[in-house]
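Colleague: I have a structure open and would like to learn how to read it. Could you take me through some of its features?

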Amino acid sequence: MSSHSPDQIRNIAFVGHSGTGKTSLAEAMLFVSGKTNRLGTVDDGSTSSDFTDSEKERQISISASLLHCEWQGAKVNAVDAPGYADFIGDAKAAIWAVDAAVILAHAQHGVEIGTDKAWGFCEEFGRSAVFFVNHLDKEQADFDATLSGLQEHFGQGVAPVQIPVNQGVGFNQIVDVLKNKLVTYQMDGSGKSESSDVPAELEDQVAGIREQLVEAIAEGSDELLEKYLEEGELSDDEISSGLRAGIAGRTVFPVLCGDASKAIGADLFLDFMSADIPSPNDVSPHSATPLGGGDEVELKPDAAGALASVVFKTISESVGDLSFVRVFSGSLEGGVDAYNASLEANERIGQTYFLNGSQREDADSIGPGDMGALMKLKDTHTGNTITKKQGGVLVAPLEFPHPLIRIAVEPKSRGDEEKISSGLQRIHEEDPSFLSGYDAELKQIIVEGQGELHLTVVLDKLHHKFGVEVNMVEPRIPYRETIMGKAEGHHRHKKQSGGRGQFGEVYLRIEAQPQGDGYEFDDAVVGGNIPRNYIPAVEKGISESMDEGPLAGYRVVDTKVTVYDGSYHPVDSSEMAFKMAGSRAFQDAFLDAKPILLEPIYNVEIRVPEQYMGEVMGDLNSRRGRIQGMDPEGSFQVIRAEVPLAELYKYSTALRSMTQGTGDYTMSLDHFEPVPSQLTDKIVADSKVEAEAVEA
Ligand SMILES: Nc1nc2c(ncn2[C@@H]2O[C@H](COP(=O)(O)OP(=O)(O)OP(=O)(O)O)[C@@H](O)[C@H]2O)c(=O)[nH]1
Ligand SMILES: [Mg+2]
């Protein structure tokens, strides 16, 4: 396929709550435009965009897909993003990469958390947005209620350009408000339609809707508003140019409608995409920094401009990794050398493709404003800029969502640790909303992501792609050990086993330091009772014991140690011997100085709809949480609480189930505080069991 000029291109992302019909609408779009010759369904796993085994099995989208079709001279590129909260990283990246988001809403459920999230990303990136009210064939479909919900949440710029005539079972008629036509669809899934005049009994209703739309358009432009207020009308030309400008300028958010599962409304949807959605020429939302230094530049879809393209998603295919790219400026030609400005590495572009899910079409090139895919890039990851070394640019990067859940993983077979780490690192490079790393303090590999399902999918991939299996386990808690009192410690290390012996003796005192003051070592030995050159060995012995504290093996903090006396032997003393003596003397003193455990306390900020507040607060109580405050935020409440990390394992799953997926939270470490004594005993006992297991 050859390139299209930027004014012919429409880049859209299907986003919104899970199950609203994004994949079905994408499928209908491909079918009605003639790109595919049958209408696949999510239920029998035959859609273009949900093509992976795990998507077919679960009947949800897990990974964004890239699709394209042509309609009335326009090339529509669509990213079908997952709606599930666990895969929000893909939805965010999709909205970032396109020029307009198509936010689907379920005609029966109205505004859901996924609707709100998608809108939030459009606001964050300044993207145009269009709503598509789907599932209008459902018995309880309610277009008016859904529309009011959208307007209530997202403002009066939300205005219908279509309305359903006979919503509910048997739904097959839509009025195109702009063309003032009634469109009647066949019910056989062919998406075929006939156009006729709006029946007399609907005229008033349609006129009312048209007025809402015209008002929304006029509100977006001073000039049009003035004319509208004076004359009470706008011309057809003013309406259509005002609508396009309003969408591009984010003052108008049109509402379309249909039943995606039967391709009802798909042709009108495509009409609207080709006629009214901004092309890359109409919006320039991305900026970049020239590699040679200098001021930021706004990227324009100029064929002669410097190449600026970004990989916004990577998927693994049996044939190799596929990188989805958006070209902002210049042209991505196949078979040429390029430069990865994010990693400062040379890259080689092989064949360029246009995609329809797993189907690849060879592309001559991917031109300015267009989207496509590259295969088997050597060294390029999700989020990286591909440009030219000479005169190139670095596109301001996209920030992926922060992880919400942490789990530890253990290899199923010993010796796989290396493979696991490198596999997880590769997965992170494909999907930056997933993080992993070895935590030296916890001695565990920690994986972090957006939810349990996200982590399950990642670990499946680790198994299938990298051939290693792991078990998910609860991450250890980085407790700390400290003391409440003072104590003295003494150890005389003496061994006589033939040949040269070992000797070193240490006396020390320990006392608590204020929280945060850390560890202090004081050498108060007089008269050379411990010779100078052995003091560092004594300190080393003590500090090693502090890394694995005497109480339960956790790091010791806020403790001052003063070594004040000792003795040595001119022949048998050694660094080894003094290290051992220092370590034992410290352990001895520590256990006498009223040792306690400290636990990490997190600041947690939870955002939930008002009606779930009671349950969420009750649950926080049962997690030893302390509520710090509450602030209303629209129809939501933001609860701030301090909660011990030990009580937050899989909190994202619990919160989602308590709030039907509507709750959301962030957490960050605040401070450490003493573990209640009844819990300390259990932690100490568990650590003994674990230590014995390691020794065995
Ligand atoms: N009756 C009816 N069913 C629909 C309609 N649109 C989609 N469906 C069905 O609803 C279910 C979910 O549709 P999907 O297209 O997978 O929804 P999605 O938004 O892509 O879901 P995620 O990818 O999980 O976010 C499937 O069983 C579809 O067949 C519709 O307009 N009417
Ligand atoms: Mg889907």
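Colleague: Let's begin with a pair of helices: which residues in α6 meet which residues in α8?

Modeller: Happy to help, and please keep in mind that this is a predicted model. From α6 come V214, A216 and I217, and they meet I239, G242, L243 and G246 in α8. By kind, the residues of this contact are 5 nonpolar, 2 polar and no charged.

Colleague: How is the packing of two helices described?

Modeller: Two numbers do the job: the angle between the axes and the distance between the axes. Here α6 spans residues 203-219 and α8 spans residues 236-248; their axes cross at roughly 60° and come within 9 Å. An angle between 35 and 65 degrees falls in the oblique class, which makes α6 oblique to α8. The crossing in which α6 passes α8 is left-handed.

Colleague: Where would I look for a right-handed crossing?

Modeller: Go to α12 and α13, whose crossing is right-handed. These helices, residues 535-547 and residues 575-592, have axes 7 Å apart and pack at an angle of about 45°. They are therefore oblique to each other. On the α12 side the contact includes A537, V538 and I542, and on the α13 side it includes F578, M580 and F586. In this contact 7 residues are nonpolar, 5 polar and 5 charged.

Colleague: At what angle do α1 and α9 cross?

Modeller: At roughly 85°, with the axes of α1 (residues 22-32) and α9 (residues 266-276) coming within 9 Å. That angle makes α1 roughly perpendicular to α9. A28, M29 and V32 of α1 make the contact with A266, D267, F269 and L270 of α9. These residues divide into 6 nonpolar, no polar and 1 charged.

Colleague: Now for burial. How many residues of α3 are buried?

Modeller: The idea is to count neighbouring C-beta atoms within 10 Å, and 20 or more make a residue buried. By that count, 10 of the 10 residues of α3 (residues 88-97) are buried, so that by this definition the helix is mostly covered. Among them are D90, K92 and W96. The elements covering the buried residues of α3 include strands β1 (9-16), β3 (74-80) and β4 (100-106), along with helix α4 (113-125). Strands β14 (308-317) and β15 (320-329) are also included. Across the protein, 47% of the 696 residues count as buried.

Colleague: Why does D565 count as partly exposed?

Modeller: D565 has 15 C-beta neighbours inside 10 Å, so it counts as partly exposed. You will find this residue in strand β34, residues 559-567. Setting aside neighbours within four places in sequence, D565 is in contact with Y507, V525 and N529. From D565 to N340 the distance is 61 Å, C-alpha to C-alpha, and these two are 225 residues apart in sequence.

Colleague: Let's step back to the whole chain. Which domains is the protein divided into?

Modeller: The assignment gives domain 1 (8-276), domain 2 (287-395), domain 3 (409-473), domain 4 (480-593) and domain 5 (600-678). Between the C-alpha centres of domain 4 and domain 5 there are 42 Å. The C-alpha atoms of the protein fill a box of roughly 110 × 60 × 50 Å along the principal axes.

Colleague: And how many helices and strands does the protein have?

Modeller: It has 16 helices and 38 strands. Contacts can also be sorted by separation along the chain: of those between residues at least 6 apart in sequence, 73% join residues at least 24 apart.

Conventions: Residues numbered from 1 in each chain as written. Chains lettered and ligands numbered in written order. Predicted model: local features only at pLDDT ≥ 70, side-chain atom pairs only at ≥ 80, totals over all residues. Helix = DSSP H or I, 4+ residues; strand = E, 2+ residues; numbered from the N terminus. Buried ≥ 20, exposed ≤ 12 C-beta atoms within 10 Å, placed from the backbone. Contact = placed C-beta atoms within 7 Å. Axes fitted to C-alpha atoms, helices over the stretch in contact; angles between N-to-C directions. Parallel < 35°, antiparallel > 145°, perpendicular 65-115°, else oblique. Left-handed = near helix turned anticlockwise from the far one by under 90°. Nonpolar A, V, L, I, M, F, W, Y, C, P; charged D, E, K, R; others polar. Domains from an automatic or database assignment.
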